[in-house]
Amino acid sequence: MTSQIILITGANKGLGFETARVLGRDGATVLVGARSTELGEKAAATLGGEGADARFVQLDVTDESSITAAAELIEREHGRLDVLVNNAGITTTGLDAPPPSAIAADLVRTAFETNVFGVITVTNAMLPLLLRSPEGRIVNVSSSLSSLTQLSDPASTRPNLLPYNTSKSALNAVTVAYARELAGSSVTVRAVCPGFCATDMNGHAGHRSPDQGAAVIASVARLGADGPTGVLIDEDGLVPW
Ligand SMILES: NC(=O)c1ccc[n+]([C@@H]2O[C@H](COP(=O)([O-])OP(=O)(O)OC[C@H]3O[C@@H](n4cnc5c(N)ncnc54)[C@H](OP(=O)(O)O)[C@@H]3O)[C@@H](O)[C@H]2O)c1
């Protein structure tokens, strides 16, 4: 990944931060996207102290003006983008969410703002820069909770989180839509499931460590143009939609 320019959204903590750490160790220039200047600068400084070429980029995925400013900054300073990791994500309920019929639509709307509409807005702003890369890659951080095949298994014990799960299923659909548009171009589009990792998002209930999840995201970020596009991948391989 030496000399690759990689933007990771929501990279101030959790899986985004750990993914920046892994790819920074690979020799990439890692653009640490964060909505908080204080937290983003701190994260970039930590990675820089470990020897990475890490630079903070202010980016709130729900704020179009911050996304435009980030794309302009990347164009000015780097002229292209090799990898976009759409990692920033939220859940609007705990893991013990009420059933769908007891969830207000606003909670679903809020999840979609970040997990789906944010990804679309960031991707559209960065795509001209990705198309300037010889092997542009878009990596959408999804979840196995997005898999309709797995969730519709009557034996499934996975949490039935209406806002989160449906937003990640929509993110998968977004992944396929962009992969179709970009087939035949130099840009591939993949969704990845890092596994259930202990982060703030789940009150550190995950049974995997953030660096284990980051290793999966980084492995998908490293896939070349000859790898599959328009797919959902976890550490064991392709995940059914
Ligand atoms: N942890 C898991 O088990 C797991 C499993 C599957 C998939 N995922 C996915 O992995 C991704 C990272 O999650 P995580 O577990 O690392 O959670 P996390 O520790 O809560 O980190 C989420 C990151 O997203 C950022 N973010 C949220 N809203 C944002 C916005 N509007 N603009 C920019 N950044 C924003 C957060 O920034 P602030 O610090 O400013 O809030 C934070 O940096 C998410 O997409 C999540 O759905 C996680």
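The bend at a residue is the angle between axes fitted to the seven residues ending there and the seven starting there. The exercises below concern a predicted model.

**Exercise 1. Describe the span of helix H4 and state where its kink is centred.**

Solution. Begin with the extent: H4 covers residues 105–130, which amounts to 26 residues. From the first C-alpha to the last, H4 reaches 35 Å, close to the 38 Å expected at 1.5 Å a residue. Next, consider the bend: a kink of about 40° is centred on Glu113.

**Exercise 2. Determine how the largest nonpolar core is made up, and which residues touch Leu59.**

Solution. The core holds 34 residues, and those with the most contacts inside it are Leu7, Leu59, Leu81, Met126 and Leu130. Two or more residues each are given to this core by strand S1 (5–8), helix H3 (64–78), H4 and helix H6 (162–182). The largest share, eight residues, comes from H4. For Leu59, leaving aside neighbours within four places in sequence, the contacts are Leu7, Thr9, Ala34, Arg35, Ser66, Ile67, Ala70, Val122 and Met126. A second, separate core has 30 residues, including Phe17, Leu47, Val83 and Val141.

**Exercise 3. Decide whether Thr93 is buried or exposed, and identify what it touches.**

Solution. Thr93 is located in the loop between strand S4 (83–86) and H4. The cut-off for a buried residue is under 20% relative accessible area. Thr93 has a relative accessibility of 13% and therefore counts as buried. Not counting residues up to four places away in sequence, Thr93 touches Ile103, Leu107, Leu161 and Pro163.

**Exercise 4. Characterise the surroundings of helix H1 and its relation to Ala214.**

Solution. H1 comprises residues 14–25 and spans 17 Å between its first and last C-alpha, close to the expected 16 Å. Of its 12 residues, 10 are buried, and H1 is thus mostly covered. Among the buried residues are Leu15, Phe17, Glu18, Thr19 and Val22. The cover of the buried residues includes S1, strand S2 (29–34), helix H2 (37–49) and H7.

Now take the residue in H7: Ala214 belongs to this helix, residues 210–222. Ala214 is buried because its relative accessible area is 0%. Apart from neighbours within four places in sequence, Ala214 is in contact with Leu15, Glu18, Thr19 and Val22. Ala214 and Cys197 are 17 residues apart in sequence, while their C-alpha atoms are 9.3 Å apart in space.

**Exercise 5. List the polar distances between the ligand and Asn87, Lys168 and Asn202.**

Solution. The ligand is surrounded by 28 residues, of which the closest are Arg35, Asn87, Tyr164, Cys197 and Thr199. In the case of Asn87, a backbone N or O atom is 2.7 Å from a ligand oxygen atom. For Lys168, an N or O atom of the side chain is 3.0 Å from an oxygen atom of the ligand. For Asn202, the corresponding distance from a side-chain N or O atom to a ligand oxygen atom is 3.3 Å.

**Exercise 6. Give the sign of phi at Gly27 and at His204, and state the exposure of His204.**

Solution. Gly27 follows H1 and has a positive phi, near 105°. The phi of His204 is also positive, near 60°, in a residue other than glycine. Most residues other than glycine have a negative phi. His204 lies in the loop between strand S6 (188–192) and H7. With a relative accessible area of 47%, His204 is partly exposed.

Note on methods. Residues numbered from 1 in each chain as written. Predicted model: local features only at pLDDT ≥ 70, side-chain atom pairs only at ≥ 80, totals over all residues. Heavy atoms only, no water. Helix = DSSP H or I, 4+ residues; strand = E, 2+ residues; numbered from the N terminus. Expected span 1.5 Å × (residues − 1). Buried < 20%, exposed > 50% of the residue type's maximum accessible area, 1.4 Å probe, protein only. Contact = heavy atoms within 4.5 Å. Core = buried A, V, L, I, M, F, W, Y, C linked by side-chain atoms within 4.5 Å. Near = heavy atom within 4 Å. Polar contact = N/O pair within 3.5 Å; in protein donor to acceptor, adjacent residues only side chain to side chain.
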